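Colleague: Could you take one residue of this predicted model and look at it closely, and then place that residue in the wider setting of its chain and of the neighbouring chain?

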Amino acid sequence: MDGEMMTGNLAAAWGARLADVDYVPAFPITPQTEIIEALAKWCENGQMAARVVTMDSEHSMMTAAGAAGATGARVFSATSSQGLLHAFELLYSVSGWRVPLVLVNVSRALAAPITLEPDHNDVLAARDSGFLQIHAETCQEVLDSILMAYRIAEDERVMLPVIVNLDGFYLSFTREPVSIPDAGQVREFLPPFRPAHLGFRASAPHALGTAVLGGSIYSYFRHQIHLASMNALEAHEEAALEFNRLFGRRYGVVEGYRLEDAEDVLVMTNAFASKGKAAVDAAREEGRRAGLLRLRMIRPWPADAIRRALVGRRAVAVLDQNLSPGQGGILFQEIGACLYHEPLRPRALCSFIGGLGGKNISEGEFRATFEQTAEAGIRGKGIGPVLLYTEAEHSEMTQLQVLAAGPRPNGS
Amino acid sequence: MTWQRETFKKIKQVPREEHVFPGTSLCAGCGGLEALRLASKGLGDHVVYVNAAGCFTMLAAYPFTPFKGSWLYTTMGSAPAGAQGIRDALDVLIAKGRLPKEENLKIVVLGGDGSTYDMALSSTSGAIHRRLDFYYFCYDNEAYGNTGMQLSSATPYGARTATSPCSLQHQAGTLQEKKDIFEIWRAHKPPYIATVAPRYPLDLEEKFARASKFEGPKLFLALSACPTGWLYDPGETPEVAKLAVETGLWPLKEAINGEVTHTYIPKLKPVEDYLKLQGRFRHLFEPTLQKEVIAHIQDRVHRYWERVNQVERKG
């Protein structure tokens, strides 16, 4: 592959740089910090014409980001995990203001217990906020998705903010070859931001984010956000075609891997999908007709594309790298809901939970997943939620618990 | 050394033009709204008000706004960060030639005491620290007013609120002293800070005129006499606001680059004159007179002004 070796974080920074953003309110948090450090350096040495401001919290950062976008600036910011949740109140505000900024979230599992490695409870908590969500698997895709995100967000039919998600550590700190698009071609792909309906200025005063009295006005405005979000499916398709024409890389709202003749399909997102693809290859070598569907766009929910990929399969396993306690996997529910009315829906839907807090998913766990999914398909009855956790991990955990408990009185 | 008004000597000098129109859903007799009406005469219309959750959030209720300028409602905890985003965006857009200079705006945060003293403290501290060029207008009615008068850290000792009621165990009602937000701001070294009261329009206009000469954070703490929450007749707002100042409980002052000057030296009427007008202090007078509580409030006032005399009368 051609390209420069760079981390997912640096690829994200390159996305913002090539998008020629005006403003970057920032706040450091592991594993995102490298992004804002790179942007601060480039702005300082004149390689970028943006203002970087270090804020006092992610809550303030997101407020400044939204307010600057509402003033007419192209805005980029990045956060992670606790930071996203600290900013959470603003996510709904920014979508309500109809500000098309791009926020990179570098996924990291949520406290407690506090940890650094990734899962998707952070980003999926934001799924109802009105932000669009694109989840990337590779460093190249991080950069490309940010460029696409601005084009989709700023589309007059959409005018909504976007979260581009990448996995902490596994992608944020992993170097991969990344082809950096030509800046001139990027300008052709992404015209300058000149919003028709945003901007505070002396000659055109207006009020934004005003209070509404009564549910009918509220319902109208929030439903407008829903309709605009749905428009992003079409805007994405157009952006993907143009992106492919200019840069030769084609992105769908979902990505199929070895789906053509697949009986059983594993559904995954983000960087762990690369592990899933390797597991599909291994399963194929063992004679299983396995395939993988990677969800790239989570909001708007690409229901049609998901149905096209999954109808007629024997069994589908959704491997959620998240956990909704008391329910199970978040994406499993959404996949199930959008297949319900299909006469040829899969005979079994299985729910697996894996990779929480960055826990590895081993070849053995993938093998078990495929075995259990195939059995469920034959039986015609799904299983789950099943937590992927190896015997070795369990025994190690038991030993840690013994250590945590400390020596017992009387040595018993 | 007495403070002299340089621009506003007579009431006729206060511009007649209005910038905040009547007919909003705020309470009759709102002292904060009167202070804002006066403030807006100094600020003009090339303004964007950045609002934090509170009573004033109801000023702009779709599809109406009482302002000729712009408005952005943010959150309770981050209006100064909203001001930062707008200021930065205007600067960048003007610098890049995408917005003509004539389109520039003053940024004014509008927050109540709940936001100002409590929830937005981090956001405010950050904005002042970054030397953000903005006005901060706090309408201080000394409690969470929009939710029905609960204790805030601006509530004064001895006031009764819905969450600091007068009881046998706590006869004074609120036991904490009012947080000194003026000094918290001053510790951040902004170029201009002032307290104002709606009953003193020349003092207020003079301070806005002075503040306009400074770039950076300019902070105004406005006494917001509140008939609904303090429990007095709406028509008495001017009297209540006046007595807050004349008893010495609400000092009118400014700090330019940290140097404090009291802009009006009251004769220090007894605090009872102010307290007894308001239902929130009624428990101090009936069914039994709480002499110790009132004496404590009076003592705090005397000690405050003794110190003012020591520090400011020296020069």
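**A close look at Ala197(B)**

Modeller: Ala197(B) counts as buried because 27 C-beta neighbours lie inside 10 Å of its own C-beta, where 20 or more are needed for that label. As for its place in the fold of this predicted model, Ala197(B) sits in the loop that links strand E5 (192-196) to helix H6 (201-211) of chain B. If the neighbours within four places in sequence are set aside, the contacts of Ala197(B) are with Leu223(B), Ala241(B), Ala244(B), Val245(B), Trp250(B) and Leu252(B). Going back along the chain, Arg186(B) is eleven residues from Ala197(B) in sequence, and the two C-alpha atoms are 19 Å apart in space.

The chain around this loop is built from ten helices and eight strands. Its radius of gyration is 19 Å, close to the 20 Å that the globule rule gives for 315 residues, so chain B is as compact as a globular protein of that length. Along the principal axes, the C-alpha atoms of chain B fill a box of roughly 70 × 50 × 40 Å. Buried residues make up 52% of the 315 in chain B, and Ala197(B) is one that counts as buried. Of the contacts in chain B between residues at least 6 apart in sequence, 68% join residues at least 24 apart.

Another part of chain B worth following is helix H2 (residues 79-95), whose 17 residues reach 24 Å from the first C-alpha to the last, close to the 24 Å expected at 1.5 Å a residue. Because 14 of its 17 residues are buried, H2(B) is largely enclosed by the rest of the structure. Just after H2(B), Gly97(B) takes a positive phi of about 75°.

Turning to the neighbouring chain, 37 residues of chain A are in contact with 38 residues of chain B. On the side of chain A that touches chain B, the elements giving two or more residues are strand E2 (23-26), strand E3 (51-54), helix H3 (58-71), helix H5 (88-96) and strand E9 (207-208) of chain A. H3(A) gives the most to that side, with ten residues, and the residues of that side divide into 20 nonpolar, twelve polar and five charged. The strands take part across the two chains as well, since two bridges join E9(A) to strand E2 (residues 70-73) of chain B, and these two strands run parallel. Within E2(B), Trp71(B) is the bridge partner of Ala207(A).

Notes:
Residues numbered from 1 in each chain as written. Chains lettered and ligands numbered in written order. Predicted model: local features only at pLDDT ≥ 70, side-chain atom pairs only at ≥ 80, totals over all residues. Helix = DSSP H or I, 4+ residues; strand = E, 2+ residues; numbered from the N terminus. Rg over C-alpha atoms; globule rule 2.2 N^0.38 Å. Buried ≥ 20, exposed ≤ 12 C-beta atoms within 10 Å, placed from the backbone. Contact = placed C-beta atoms within 7 Å. Nonpolar A, V, L, I, M, F, W, Y, C, P; charged D, E, K, R; others polar. Pairing = 2+ DSSP bridges. Expected span 1.5 Å × (residues − 1).
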